[in-house]
Amino acid sequence: MSDTAANVNAAETEYEPVVGMECHAELLTNSKMFCGCRNEFGGEPNTRCCPVCTGMPGALPVMNIQAVEHVMRTAIALNCSINPHAKFDRKNYYYPDLPKGYQISEYDIPIGVTGWLDIEVNGQPKRIHIRRVHLEEDTGKLFHVAGDESFVDLNRSGVPLMEIVTDFPPDIQSAEEGREYLTRLRSILTYIGVCDGKMEEGSLRCEPNVSVRPVGSNTFGTKTEIKNLNSFRSVYKGIEFETQRQAELLRKGERVVQETRGWNDTRQVTFSQRSKEGEEEYRYFPEPDLVPLHINEDWIERVRASMPELPDARRARFISEFALPPYDAGILTDTRAVADYFEETARLCGDAKTTSNWVMGDLAKLLNASGTEIGASPITPAALAEMIGLITDGTISGKIAKQLIEEMYATGGSPKTIVEEKGWKTIKDSGAVLAAVEKVFAANPNIITDIKVKGLVGKRGFLVGQVMRETQGKADPGEVNRLIDEKLAD
Ligand SMILES: [Zn+2]
């Protein structure tokens with residue numbers, strides 16, 4: 001092959017990404033990792049810190065057991081083994097938001113090891129192997145303002161932070177798989193109550209490392225790590241951009257540099273930040289101020305027994321127990337709050353599919369429009385179940401129900417009371433419906449002729465619509481149809 005031909009081939013090589021994921025989750029605990037300061041998002045800067053979390057000389061850390069159990073719960077949910085003797089280490093580096101000059105982390109013996117998480121992309125199941133789940137502490141936060149001033153807020157310093165790292169060689173091979181992995185992971189973490197999953201507040205952060213290789217090859221290229229991604233979309237776009245950028249470089253015969261890259265969300269591009277430190281530069285050593293962590297079988301079993309049903313199991317149960325279509329079951333189990341809401345309503349009214357339709361349809365629309373979480377819905381599961389009962393027993397029509405749910409959402413009122421006050425009950429009295437039918441027939445002689453003489457039966461629907469209108473949607477549709485057929489046959 002001539003040089004020219006080789007170059008042409010290089011320029012046309014197709015590349016595929018290989019993606020590893022490091023996710024950091026701030027844990028939902030009352031206090032910080034090693035001191036009694038409150039663990040909460042935001043607030044006046046530097047109002048929730050003490051000598052321990054600001055790293056004053058001589059201050060001693062005390063381990064937060066709630067945080068340790070959150071990591072154990074996560075390890076169990078991700079099918080990991082739990083190390084009976086985990087320990088903490090110091091990761092030494094200086095940064096202005098880390099006044100201690102080191103971070104307490106777990107280096108060689110993390111709490112959880114070797115697990116997996118199953119995902120599905122385009123109907124294809126895939127197992128993503130997890131290498132480790134460990135516990136560490138978060139750093140403070142820097143604020144850079146216009147000009148050359150910077151400020152530090154240490155409220156976040158010492159907040160319990162869990163890191164979840166996928167295994168090598170990486171299983172994730174596309175931006176879609178990366179996004180799906182993160183979606184499933186977030187769902188699990190919020191289900192088991194260890195993290196609130198708020199990516200926009202930084203309580204769940206994800207750093208994909210991306211390399212590319214020629215399609216079909218099993219070698220590994222040089223990887224870059226993308227920082228500061230705070231949405232599912234930016235994770236997807238970041239992986240996609242980095243794949244294209246690296247493939248472009250290789251096609252031109254250039255090299256990919258191993259480095260950390262930032263993400264510019266406005267321009268949707270990654271940019272070079274710093275060359276990646278090697279592990280040896282952190283000078284890890286066992287944390288001398290903390291005893292090793294002994295986790296026995298009893299403790300693991302106690303934590304396991306307190307675990308809720310996980311999203312995959314709940315999805316499967318919704319399909320088998322409530323006979324829901326897989327699509328509905330998937331949406332309804334996406335968050336624990338929605339699943340709980342649905343399940344309570346379905347049990348109260350005894351009609352799962354109708355409940356599913358209202359929860360995914362009108363209720364979701366009302367919640368979205370007002371930016372309300374389902375847990376804070378003005379319509380309780382009991383109220384929604386009562387409303388569905390009114391449709392089932394024929395008290396109201398489906399059409400009226402659409403108005404009713406809006407009124408319930410706006411006022412928080414009981415459906416029965418609203419229906420009573422507004423006079424929205426279905427008219428079951430045949431005399432009243434017949435009067436409306438006769439009025440509509442009298443007002444539309446041409447339509448009647450079209451149907452009866454010319455056989456234009458398609459126009460019958462117009463009559464039904466007029467009668468419903470005449471009765472403000474309250475007539476029983478079965479009765480309307482019966483009476484119209486009777487009159488047309490006269
Ligand atoms: Zn503190």
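Let's start with one pair of residues. Arginine 261 stands opposite serine 272 in strand S14. This is a predicted model, so keep that in mind throughout. The pair belongs to two strands, S13, residues 259-264, and S14, residues 269-275. They pair in the antiparallel sense, over six bridges. As a reminder, strands of a sheet pair through backbone hydrogen bonds, either parallel or antiparallel.

Now the turn. The hairpin of S13 and S14 has four residues between the strands. One of them, glutamine 268, takes a positive phi near 55 degrees. Most residues other than glycine have a negative phi.

Step back to the sheet. How many strands does the open sheet have? Nine, with mixed pairing. The order is S2-S6-S7-S10-S1-S11-S12-S13-S14. Why is one side of S2 and of S14 left without a neighbour in the sheet? Because these two strands stand at the edges, each with a single partner strand.

Further in, S1 pairs with S11. S1 is residues 15-26, and S11 is residues 204-214. The sense is antiparallel, and there are eleven bridges. Here glutamate 16 stands opposite arginine 213 in S11.

A helix packs on this sheet. That is H2, residues 65-77. H2 touches S2, S6, S7 and S10. Its direction makes about 165 degrees with that of S7.

Next, the loops. Asparagine 79 is in the loop between H2 and S2. Its phi is positive, about 60 degrees, although the residue is not a glycine. Asparagine 122 is in the loop between S6 and S7. Its phi is positive too, near 50 degrees. Buried or exposed? Asparagine 122 is exposed, with 7 other C-beta atoms within 10 Å. Asparagine 79 has 15 C-beta neighbours inside 10 Å, so it counts as partly exposed.

One more loop, between S10 and H3, holds proline 169. A cis peptide bond joins phenylalanine 168 to proline 169, with omega about 0 degrees. Most peptide bonds are trans.

Now lysine 227. It sits in the loop between strand S12 and helix H4. It has 16 C-beta neighbours inside 10 Å, so it counts as partly exposed. Beyond its neighbours in sequence within four places, its contacts include Glu207, Arg261 and Gln273. So we are back at Arg261, the residue we opened with. By contrast, the C-alpha atoms of lysine 227 and isoleucine 451 are separated by 69 Å.

On to the domains. The assignment gives domain 1 as 13-298, domain 2 as 309-422 and domain 3 as 430-488. The C-alpha centres of domains 1 and 2 lie 37 Å apart. Their contact takes six residues from domain 1 and six from domain 2. Which helix gives the most on the domain 1 side? Helix H3, residues 175-191, with four residues. That side divides into three nonpolar residues, two polar and one charged.

Last stop, helix H12, residues 415-422. Pro415, Ile418 and Val419 are buried there. Seen down the axis, the buried residues fall within an arc of 100 degrees, so they line one face of the helix. The general rule helps: an α-helix has 3.6 residues a turn, so residues three or four places apart point the same way. The buried residues of H12 pack against helices H10 and H11. The face turned away carries the exposed residues Thr417, Glu420 and Glu421. Just after H12, glycine 423 takes a positive phi of about 65 degrees.

That's the tour. Thanks.

Definitions and conventions: Residues are numbered from 1 along each chain as its sequence is written. This is a predicted model: local features need pLDDT of at least 70, side-chain atom pairs count only at pLDDT 80 or more; totals for chains, interfaces and linings use all residues. Domain bounds come from an automatic or database domain assignment. Two residues are in contact if their C-beta atoms, placed from the backbone, lie within 7 Å. Ala, Val, Leu, Ile, Met, Phe, Trp, Tyr, Cys and Pro count as nonpolar, Asp, Glu, Lys and Arg as charged, and the others, Gly among them, as polar. Two strands pair if DSSP finds at least two bridges between them. A residue is buried if 20 or more other C-beta atoms lie within 10 Å of its own, exposed if 12 or fewer, and partly exposed in between; C-beta atoms are placed from the backbone. The arc is that of the directions from the helix axis to the C-beta atoms. Axes are lines fitted to C-alpha atoms, for helices over the stretch in contact, and angles run from 0 to 180 degrees between N-to-C directions.
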